[in-house]
Amino acid sequence: MQIDGQVAIVTGGASGLGEGTAKELADAGARVAVWDIQEDKGMAVANAVGGVFCKCDVTSEDSVIAALGETREALGKARILVNCAGTGVAVKTTSRGVAHPLDQFERIIKINLIGTFNCLRLASTDMVDLEPLEHGERGVIINTASVAAFDGQVGQAAYSASKGGIVGMTLPVARDLADKGVRVCTIAPGIFETPLLGTLPDDVRASLAASVPFPKKLGIPSEFAQLARQIAENVMLNGETIRLDGAIRMAPR
Ligand SMILES: NC(=O)c1ccc[n+]([C@@H]2O[C@H](COP(=O)([O-])OP(=O)(O)OC[C@H]3O[C@@H](n4cnc5c(N)ncnc54)[C@H](O)[C@@H]3O)[C@@H](O)[C@H]2O)c1
């Protein structure tokens, strides 16, 4: 679809890949709603892109319904949803006689997987009575998985399971929404420079960058955002997960 003039929601839009995507979509002419639990940063991004901020916890039905209502009121109904909200944890399945705490596993599944589904089920339900565009297209949903969905490392059981779930639901959700004219794709990023990567020391960053076959560097949010924009623009992209990773295949640790 042509992004210019459309309303776009970016979850996790206060930081990192979501922030980059909010900027890219605004540059392409979208009116952007930044959804996040981080109020100050989210507001700053929304102001920078001339959009609105909605405080939203993607894991909560009430919170997402409220954010959809605020977005509709301020900007109109969204045709674009980019799910970037997410987080990680590093815990082994069992270590020194202690099992992986179940609540930590559940927390990651809840934010990354259930949060993504929660937003897409409610946002797509909002999209179905929009006027169809060219080819009958009504909307597009872009999810964020990770290469950890395919080659998760030691300590990534919860994170990989959450991201594998996003990859797994991409095709069935695209099929569910096909007769409504709503497309669904997922981006599986490699290693990107964002606050999620933490304040890793320079030598660790350098060694991560060196592990990428080509280009030997960490990704930056604008490169993720460029792909999100292309998915929104290219009507033939649907039901697919695209790795964006410089050909990296993560080692066990
Ligand atoms: N940075 C990477 O290398 C990388 C690689 C692969 C996948 N990813 C994925 O990309 C997405 C974005 O990550 P990032 O690197 O930009 O991280 P980030 O920490 O910079 O941004 C994530 C944002 O999500 C928000 N968030 C967390 N829980 C939320 C909730 N319950 N409701 C609403 N917002 C919530 C945070 O407040 C934050 O602003 C995540 O899903 C992450 O798993 C990142």
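Before I begin, one definition: helices, meaning H or I runs of at least four residues, and strands, meaning E runs of at least two, are taken from DSSP and numbered from the N terminus. With that numbering, His 135 is found in the loop between helix 4 and strand 7, and I shall return to that residue later. Please keep in mind throughout that this is a predicted model.

Let me start with the protein chain as a whole. Its secondary structure comes to 8 helices and 9 strands. The radius of gyration is 18 Å, close to the 18 Å that the globule rule gives for 253 residues, so the chain is as compact as a globular protein of that length. Along the principal axes, the C-alpha trace spans about 55 × 35 × 35 Å. Of the 253 residues, 42% count as buried. If we take the contacts with a separation of 6 or more, 72% of them are accounted for by residues 24 or more positions apart.

I turn next to the ligand. How many residues surround it? There are 31, and the closest are Gly 12, Gly 16, Gly 86, Thr 194 and Leu 196. By class, this shell has 14 nonpolar, 15 polar and 2 charged residues. Helix 1, residues 16–27, and helix 4, residues 102–127, each supply at least two residues of the shell.

Helix 4 also packs against another helix. In general, two packed helices are described by the angle between their axes and the distance between the axes. For helix 3, residues 61–75, and helix 4, the axes come within 10 Å and cross at roughly 35°. The crossing of helix 3 and helix 4 is right-handed. Which residues meet there? From helix 3 they are Glu 61, Val 64, Ile 65 and Leu 68, and from helix 4 they are Asn 118, Cys 119, Leu 122, Ala 123 and Asp 126. The residues of this contact divide into 6 nonpolar, 1 polar and 2 charged.

Now to a single position, Thr 144, which has its place in strand 7, residues 139–144. Is Thr 144 buried or exposed? The threshold for a buried residue is 20 or more other C-beta atoms within 10 Å of its own. Thr 144 counts as buried because it has 26 C-beta neighbours inside 10 Å. Leaving aside neighbours within four places in sequence, Thr 144 is in contact with Leu 17, Asn 83, Cys 84, Gly 86, Ile 187 and Pro 189. One of these, Gly 86, was named earlier among the residues closest to the ligand. Thr 144 and Phe 224 are 80 residues apart in sequence, while their C-alpha atoms are 9.8 Å apart in space.

I close with some features of the backbone. Most residues other than glycine have a negative phi, and most peptide bonds are trans. Against that background, three places in this chain deserve attention.

The first topic is a peptide bond. Phe 214 and Pro 215 are joined by a cis peptide bond, with omega about -5°. Pro 215 has its place in the loop between helix 7, residues 202–210, and helix 8, residues 221–233.

Then there is His 135, the residue of my opening remark. His 135 has a positive phi of about 65° although it is not a glycine. This residue is exposed, with 9 other C-beta atoms within 10 Å.

Finally, Ala 247 lies in the segment after strand 9, residues 241–244. Its phi is near 70°, a positive value in a residue other than glycine. Ala 247 is exposed, with 10 other C-beta atoms within 10 Å.

Technical notes:
Residues are numbered from 1 along each chain as its sequence is written. This is a predicted model: local features need pLDDT of at least 70, side-chain atom pairs count only at pLDDT 80 or more; totals for chains, interfaces and linings use all residues. A residue is near a molecule or strand if its C-beta atom, placed from the backbone, lies within 6 Å of it. Ala, Val, Leu, Ile, Met, Phe, Trp, Tyr, Cys and Pro count as nonpolar, Asp, Glu, Lys and Arg as charged, and the others, Gly among them, as polar. The radius of gyration is taken over C-alpha atoms; the globule rule is 2.2 Å times the number of residues to the power 0.38. A residue is buried if 20 or more other C-beta atoms lie within 10 Å of its own, exposed if 12 or fewer, and partly exposed in between; C-beta atoms are placed from the backbone. Two residues are in contact if their C-beta atoms, placed from the backbone, lie within 7 Å. Axes are lines fitted to C-alpha atoms, for helices over the stretch in contact, and angles run from 0 to 180 degrees between N-to-C directions. A crossing is left-handed if the near helix is turned anticlockwise from the far one by less than a right angle, and right-handed if clockwise.
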